[in-house]
Amino acid sequence: KQWYQRRVAITAGIDMVFALSAFWHGVRPGYYITFLSAPPMIKLQQKLANLTRNSRERSYSYEMVYRVLNWWMVRLLSPMFILPFYILDLDRTLAIWSSMYWVPQIAIAIVFVISIVLPAGERPERPKSA
């Protein structure tokens, strides 16, 4: 575990961790769909968190937008991207997503656009040590 954390997780970054996890599980398409859709979701959540950084200067509405979008992504959209892990078959996964009119993917795109349109919060300054 320590080797993996030092060599892969810290050095290569989150994208490589999820790609390696997909490879570790096998060659079925469902593993790759699930593990390769996770990094963009995580990065999008981090981007949304930056919108409310330094919340004392942000309005209550920014905080509520972040909380609602974050809850929505975690509780409603994440299961749609975890589903292929259980199905494993590309055609069945695409058929299920098609039957839902690609709502999860469209929702992620909308949240991504919102995260670009809204201004990001400033990073709080660190106190300078003497």
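This passage describes aromatic contacts, a salt bridge, a nonpolar surface patch and two unusual backbone angles in a predicted model.

Aromatic side chains are considered before the other features. The structure holds 6 aromatic pairs. In one of these, the ring centres of Phe 35 and Phe 85 are 5.8 Å apart and the ring planes stand at 85°, so the arrangement is edge-to-face, given that planes over 60 degrees apart are assigned to that class. The pair links distant parts of the chain, with Phe 35 in helix α3, which covers residues 29-51, and Phe 85 in helix α4, which covers residues 60-87, the two being 50 residues apart. Phe 35 counts as buried because its relative accessibility is 14%, a value under the 20% limit for that class, whereas Phe 85, with a relative accessible area of 23%, is partly exposed. An edge-to-face arrangement is also found for Trp 97 and Trp 102, whose rings lie 5.9 Å centre to centre with 65° between the planes. Trp 97 has a relative accessibility of 7% and therefore counts as buried, while Trp 102, at 32%, counts as partly exposed.

Phe 35 and Phe 85 also belong to a wider grouping, in that Phe 18, Tyr 31, Phe 35, Phe 85 and Tyr 86 form one aromatic cluster. Phe 85 is, in addition, one of the residues touched by Thr 34, a residue of helix α3; when residues up to four places away in sequence are not counted, Thr 34 touches Phe 81, Ile 82, Pro 84 and Phe 85. With a relative accessibility of 10%, Thr 34 counts as buried.

A charged contact involves helix α3 as well. The structure holds 1 salt bridge, which is formed by Asp 15 and Lys 43, with the closest N and O atoms 2.8 Å apart. This pair, too, links distant parts of the chain, since Asp 15 lies in helix α2 (residues 14-25) and Lys 43 in helix α3, with their positions 28 residues apart in the numbering. Asp 15 counts as partly exposed at 38% relative accessibility, and Lys 43 is likewise partly exposed, with a relative accessible area of 40%.

On the surface, Leu 90, Leu 94, Trp 102, Ile 106 and Ile 110 make a nonpolar patch of about 420 Å². The elements that contribute two or more residues to the patch are α5 and α6. Leu 90, which is found in helix α5, is partly exposed, with a relative accessible area of 37%.

The loop between α5 and α6 contains Trp 102, the residue that takes part both in the nonpolar patch and in the aromatic pair with Trp 97. Trp 102 has a positive phi of about 60° although it is not a glycine. Tyr 101 lies in this loop between α5 (90-99) and α6 (103-117), and its phi is near 55°, again a positive value in a residue other than glycine. In terms of accessibility, Tyr 101 counts as exposed because its relative value is 66%, which is over the 50% that this class requires, whereas Trp 102 counts as partly exposed at 32%.

Methods
Residues are numbered from 1 along each chain as its sequence is written. This is a predicted model: local features need pLDDT of at least 70, side-chain atom pairs count only at pLDDT 80 or more; totals for chains, interfaces and linings use all residues. Side-chain values use heavy atoms; hydrogens and water are left out. Helices (H or I, at least four residues) and strands (E, at least two) are DSSP runs, numbered from the N terminus. Buried means under 20% relative accessible area, exposed over 50%, partly exposed in between (1.4 Å probe, protein chains only). Rings of Phe, Tyr and Trp (its six-membered ring) pair if their centres lie within 6.5 Å; planes under 30 degrees apart count as stacked, over 60 as edge-to-face and the rest as tilted. Patches are made of residues with over 30% relative accessible area and no salt bridge: like charges are joined within 9 Å, nonpolar side chains (Val, Leu, Ile, Met, Phe, Trp, Tyr) within 5 Å. Accessible areas come from the Shrake-Rupley method with a 1.4 Å probe; for residues, only the protein chains shown count as cover. A salt bridge is a side-chain nitrogen of Lys or Arg within 4 Å of a carboxyl oxygen of Asp or Glu. Contact means heavy atoms within 4.5 Å.
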